[in-house]
Amino acid sequence: MNKRFLIASGGTGGHFYPGFALGEEFKRQGCEVLFVVRKDDPAAKVLSAHGLHYKEIDFMGLPRSINPVRHFKFVCKLLKALRQTRQIVRDFRPEVAIGTGGYISFPLIFTAHFMGVKTAVHDSNARLGLANKVCGKFTDLFMLGLPTPEKVKNGVLTSTPVRAEFGLPADRADQLKALHLDPTKPTVLVVGGSQGAKDLNGAVAACAKAFSTWQFIHITGERWFESVRGLYAGLSNAAVLPYSHEIYALMKSVDLIICRSGASTLAELMCCKLPAILVPFPHAAANHQYYNAKIFADAGCAQIVPDDAHLPAALAQAFKAFVQENTAEKLVAMRAGYDKLLLPNPLTAAHSIAERLKSL
């Protein structure tokens with residue numbers, strides 16, 4: 001009989017895509033896999049499109065305020081989510097239950113543990129999330145995407161799984177010509193993210209105007225597309241996109257990236273050995289994006305620019321170094337920095353994690 005795995009995943013892309021990559025690996029190996037996602041989570045559409053089954057539970061994150069009404073609502077949702085999860089575990093009868101971070105993991109890991117099911121969690125970040133810290137008390141295996149200074153029971157460094165597409169080749173000329181850009185010019189990819197990227201978008205557009213010898217591919221997200229496109233009006237050295245289904249090909253076709261430092265994004269950069277200017281999201285829990293970025297900056301493959309009141313000037317100064325210095329040598333040195341990370345390969349992480357989970 002095929003082994004059965006239950007995966008709690010969803011919320012932000014950083015929590016969802018590692019679980020998604022793992023689910024795809026289980027599916028390739030002929031295992032049965034079922035996802036647990038939050039009610040009305042957009043991740044459900046991605047799972048359906050890839051033939052992965054899921055169940056929804058009605059849950060919410062722990063309120064960060066002292067509002068008693070919100071806390072009462074949280075307790076009611078928690079009790080309901082535990083009942084729903086218990087039924088899912090009973091019906092599916094998994095060998096292992098896995099959480100990939102975020103509050104959606106807690107009901108599954110807690111319930112599965114007390115129902116006698118082996119449990120595991122994966123945390124992609126250099127600072128553990130609250131849900132995973134709690135779940136860690138009930139897990140048989142704790143997998144880390146990045147090194148962390150925290151003591152972790154049953155911890156093992158596995159890297160963060162990425163989609164298999166990041167192992168595919170890409171043709172720089174084809175990718176850039178399709179965007180009406182010149183393949184011979186140095187090109188930077190900008191991925192601002194959907195959360196709080198307004199200031200970053202404006203700062204990058206100013207760089208595009210000031211440094212016309214470089215080309216810019218700016219992926220805005222649907223939320224910011226129209227406003228960002230307006231910032232680039234009249235510029236011939238930029239392509240502005242709301243989204244790209246071939247982000248892996250773009251990452252392999254450019255010389256530099258400006259982006260946030262979510263753990264999944266960093267794992268993708270590792271696959272492409274792409275030099276980076278990292279602008280950590282300043283409101284990330286426990287400032288984990290900064291600590292993620294610091295690992296890459298210390299290895300020499302990235303430079304950190306804080307997202308604060310000085311962002312426009314700081315980003316322009318960081319980018320100016322690539323224009324003024326010997327660009328080719330600087331980029332080669334940054335690509336070589338990825339060899340100093342000494343992290344497991346994200347492309348094989350899903351397979352190695354799957355084998356560890358099967359051994360449970």
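Okay, a definition to start: when I say helix or strand, I mean a DSSP run, at least four residues for a helix and at least two for a strand, numbered from the N terminus. And one caution before we look around: this is a predicted model.

With those labels, let's find S159. It's in the loop between β7, residues 155-157, and α6, residues 172-178. So is S159 buried or exposed? Buried here means under 20% relative accessible area. S159 comes out at 1%, so it counts as buried. Who does S159 touch, if we skip residues up to four places away in sequence? There's H122, then L144 and G145, then P344, N345 and P346, and finally A349 and I353.

Now a second loop residue, T139. This one belongs to the loop between α5 (130-135) and β6 (141-144). T139 has a relative accessible area of 5%, so it's buried by that cut-off too. Leave out the neighbours within four places in sequence, and T139 is in contact with I109, T119, A120, V121 and N154. Its side chain also reaches the backbone oxygen of G136, at 3.2 Å. And have a look at G99: along the sequence G99 and T139 are 40 residues apart, while in space their C-alpha atoms are 9.7 Å apart.

On to the sheet. Six strands make an open sheet, and the order across it is β10-β9-β8-β11-β12-β13, with parallel pairing. Which strands stand at the edges? Those are β10 (238-241) and β13 (302-304). Each has a single partner strand, so one side of each has no neighbour in the sheet. On average, neighbouring strands here are turned by 15° against each other, ignoring direction.

Let's zoom in on the β13 edge. Strand β12, residues 276-278, pairs with β13 in the parallel sense, over three bridges. Within that pair, I277 stands opposite Q303 of β13.

Last stop, helix α10, residues 263-272. How many of its ten residues are buried? Nine are, so the helix is largely enclosed by the rest of the structure. If you want to click through the buried ones, they are A263, S264, L266, A267, E268, L269, M270, C271 and C272. Just after α10 comes K273, which takes a positive phi of about 45°.

That's my tour, thanks!

Conventions
Residues numbered from 1 in each chain as written. Predicted model: local features only at pLDDT ≥ 70, side-chain atom pairs only at ≥ 80, totals over all residues. Heavy atoms only, no water. Pairing = 2+ DSSP bridges. Axes fitted to C-alpha atoms, helices over the stretch in contact; angles between N-to-C directions. Buried < 20%, exposed > 50% of the residue type's maximum accessible area, 1.4 Å probe, protein only. Contact = heavy atoms within 4.5 Å. Polar contact = N/O pair within 3.5 Å; in protein donor to acceptor, adjacent residues only side chain to side chain.
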